[in-house]
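Biologist: Please take a close look at one part of this model and describe it for me. I would like a connected account.

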Amino acid sequence: MKSQYRVVVIGGGVVGASVLYHLAKFGWSDVVMLERRRLASGSSWHAAGGIHALNADPNMASLQAYTIDLLSEIEKESGQNIGLHMTGGLTLAGTPERWEWLQANYRIFQSIGIDDCELLSPEEAQKRCPIMSTDGVLGAMWADREGYIDTTGTVQAYATAARKRGAEYYEETKVEELIQTADGWQVVTDRGTITCEHVVNAAGLWAKQVGRMAGIELPVSPLKHHYLITDTVPEVAEADFEMPMTVDLEGFTYMRQDQKGVLVGIYEVDHEHWAMDGAPWTYGEELFQEQLDRIETELTLGFERYPSIQNVGIKTWVNGAFTFSPDGNPLVGPVPGKPGYWSACAVMAGFLQGGGVGKTLAEWMIHGEPEADAWPMDVARYGDFAQNKRYIRETTGQFYSRRFVMTYPNEQLPAGRPLKMAPAHDAMTEAGCKWGVSWDLEVPLYFAPKDFEETPTLKRSNAFDIVAEECKVIREGAGLLDISGFSRFEVSGPNAQAWLDKVMASKLPAPGRAKLAPMLGENGRLKGDLTVLNWGDGKWWIMGSYYLRAWHMRWFDDHMIDGVDIRDLGEEYCGFAVVGPKSQGVVEKLAEQDISGLGFMGCGDFDIGLVRARVARMSVTGEKGYEINCRYGDHIKLRRMLLEAGADEGIRECGFNAMLSTRLEKSFGIWSAEFTQLYTPGMTGMDRWIDWDKDFVGKEAALAERDGNGPAQVQVTLEVDALDADASGYEPIWSGNDRVGFVTSGGYGHYTGKSLAMALVNRDKAEPGTELTVHVVGVERPARVIAPSPYDPQGKAMRG
Ligand SMILES: Cc1cc2nc3c(=O)[nH]c(=O)nc-3n(C[C@H](O)[C@H](O)[C@H](O)COP(=O)(O)OP(=O)(O)OC[C@H]3O[C@@H](n4cnc5c(N)ncnc54)[C@H](O)[C@@H]3O)c2cc1C
């Protein structure tokens, strides 16, 4: 072992080994992996080794697809047998809603290029898995690329393949301390100290402690998990093919063949955390005693699904632990505020996702950006609030228990909530507000009559008419919208303007003005759909999506220069927007200064009644609107005054659902839908805001796009002939039998009375009038490209 490496990977489980392999593969061979015991002596050794394609998050599904394809490659490269059995796999649907969901997901998989799936009737499914009872099964999805592997062999294969490419690994070497230095890290081990530029926390069950060694509190916890392996099952032994990997969602079990028996794994609804502060250092390759009382219901369902296992013995019980983040996705990437410290932990399904995690992290480290959109697993998707132990317990527990439970897009889950509430929260609740959550903050969805409960559904919900009413108020009267759920950063200092000019691709606004500002990565792809406000007093604001606060702050910090002070105002400022044609009348009644001259995209300081506010004349609804930003302590007063002042104008409180419907009618894109870090200005129409005459981050790549052949796909608006459901995102779009694009977001435009979708489609299908079809909840619907902004295309209302 040398005393200096470029990268030290801590942990020799499947994730660490994959990181090591990918670093070496992409050209960094001065890298070492340290393992305190033997390879795969954390959760990796006792995993069930199942690999299956389905994941409700399309980004995670493509990560899994990459990993599955990689497995045979590393087997070949390493010469190490990984016991790969590509049996194919079934996912069973046991309720009508689940069957609809599965059909919808089958289409979404097509959008992301997973084409080797098919939908089956219960009888067809049973032919492929003859030991399965079809009782209650309404349909199934088959995927070719599913099966299982030998877990220890797979870790060995990654590590051996990495070593063949020049990387090193050492077992029986425990990292005991991490010391940050001016240009990297000192890694203190029980076999000496190593100096390096980068450390990677791939410590699995011990990730919490390895985080704490650097003063980092990672939102991760281990939970226990059971599976059993049966003795020989005669039907399995007699079959001339292997049983497929079978996931029974309504039964909470997965099953695969194991020699002549089967392995049945259980996602226990009655979950149990273990060692929330990280596994003990003395913990080795031990298992916990099985806890039959905790799994009785799921076990009974499993025995009913596979009746033949009722007559055979159980050879092995495994009750082991593995780690989860609050949303179940890995925590990957550079940890904010700790240069050179990388996270590769909380990987719930290491054999399924580890390949993709290793690739992503290695690309990120070497090239500064991963190829895919890493947002769903980016460690910076959480803020400090997620370090709270109870938050971690509630959210990881909820994720675990609901692993196989269907979550509807309009469903609100309770874990870790309510956490942060804007001051007027209780008064708004009293007024009927139904809440959603963004990051740590409760955000208003809509205002409903007392005792109204929204029914979870994949289709239009019973809140449809309520949201329609709110949209009408916004379009015809005055709506009051709590805008605490926007992010606000303050930029000041002698170099503030120069810095903003460099990181934003647009022109900067003049004093007293606001401007839409795309922010690009060095690769020319989007990093933000922001608004920059120039208050004229040397202070600038950047406003954007609230849940991106830590993610954007990491980016700003990475690109910081001397003479600039940037502050996240998310704990200081919140506010309300008044929107609609009557908004000016309401705000004028309260403004102590003349606000009538504040034109579209103007901004300034105003006294709104007793509240000192920073006001901007803009609205994402496409209506005339005033965003009134106030200090947290002024929120209650501001709301009261606006409701009183607007009473004559019939002001009504509205929520984000109405805001989203109205923005769709204006073809205004939003982050995580129309805008992601995978898309470019040319694809999304963001190029119209770029100032090509100046220098800015990402200019070279953006110019290459502008002056090249143009993007293959561009953003369009579609009108869908929908019936009782609207598109939501990732649904494939067809021209005849050709897949020509996919939906980025969709919904019902209540005021225009149209089912709308925004979509990325091939350029030759982007002309208004082009007839296409789109799958909505798995059903094909006619759709056509329409001109952008079906409501008020000239933008007269918002300028008004
Ligand atoms: C019962 C069960 C069934 C499962 N089934 C599946 C499945 O079918 N498919 C699937 O994909 N996943 C499955 N999993 C999950 C899978 O096991 C994990 O996702 C995976 O093992 C995570 O790997 P890892 O490398 O992140 O962590 P680990 O395997 O925990 O590896 C971390 C390694 O880091 C080492 N380490 C920690 N701290 C230090 C230190 N300070 N110095 C040096 N070394 C250190 C540890 O010794 C350990 O070897 C299952 C898990 C369980 C418990």
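Which residue just after H17 takes a positive phi? Please describe that helix, and then the surroundings of the ligand.

Modeller: The model is a predicted one. Ser667, just after H17, is the residue with a positive phi, of about 55 degrees. Helix H17 itself spans residues 656-665 and is mostly covered, with eight of its ten residues buried. The buried residues are Phe656, Ala658, Met659, Ser661, Thr662, Arg663, Leu664 and Glu665. Arg663 and Glu665 are thus listed as buried alongside Phe656 and Leu664. Here buried means under 20% relative accessible area.

The packing partners of these buried residues include two strands numbered S34 (738-749) and S35 (754-762). Strands S20 (441-447), S21 (479-482) and S22 (486-492) also pack against the buried residues of H17, as does helix H12 (464-476).

Turning to the ligand, 40 residues surround it, and the closest are Glu35, Ser44, Gly50, Val347 and Gly350. By type, the shell holds 22 nonpolar, 15 polar and three charged residues. Strand S16 gives the largest share of that shell, four residues.

Several backbone atoms lie close to polar atoms of the ligand. A backbone N or O atom of Ala48 is 2.9 Å from a ligand nitrogen. For Gly350, a polar backbone atom is 2.7 Å from a ligand oxygen, and for Leu352 the corresponding distance to a ligand oxygen is 3.2 Å. Taken alone, the ligand exposes 1,000 Å², of which the protein buries 98%. Elements that give two or more residues to the shell are helix H1 (14-25), strand S12 (221-230), strand S16 (314-324) and helix H9 (350-367).

Technical notes
Residues numbered from 1 in each chain as written. Predicted model: local features only at pLDDT ≥ 70, side-chain atom pairs only at ≥ 80, totals over all residues. Heavy atoms only, no water. Near = heavy atom within 4 Å. Polar contact = N/O pair within 3.5 Å; in protein donor to acceptor, adjacent residues only side chain to side chain. Areas by Shrake-Rupley, 256 points an atom, 1.4 Å probe, with all protein chains shown as cover. Nonpolar A, V, L, I, M, F, W, Y, C, P; charged D, E, K, R; others polar. Buried < 20%, exposed > 50% of the residue type's maximum accessible area, 1.4 Å probe, protein only. Contact = heavy atoms within 4.5 Å.
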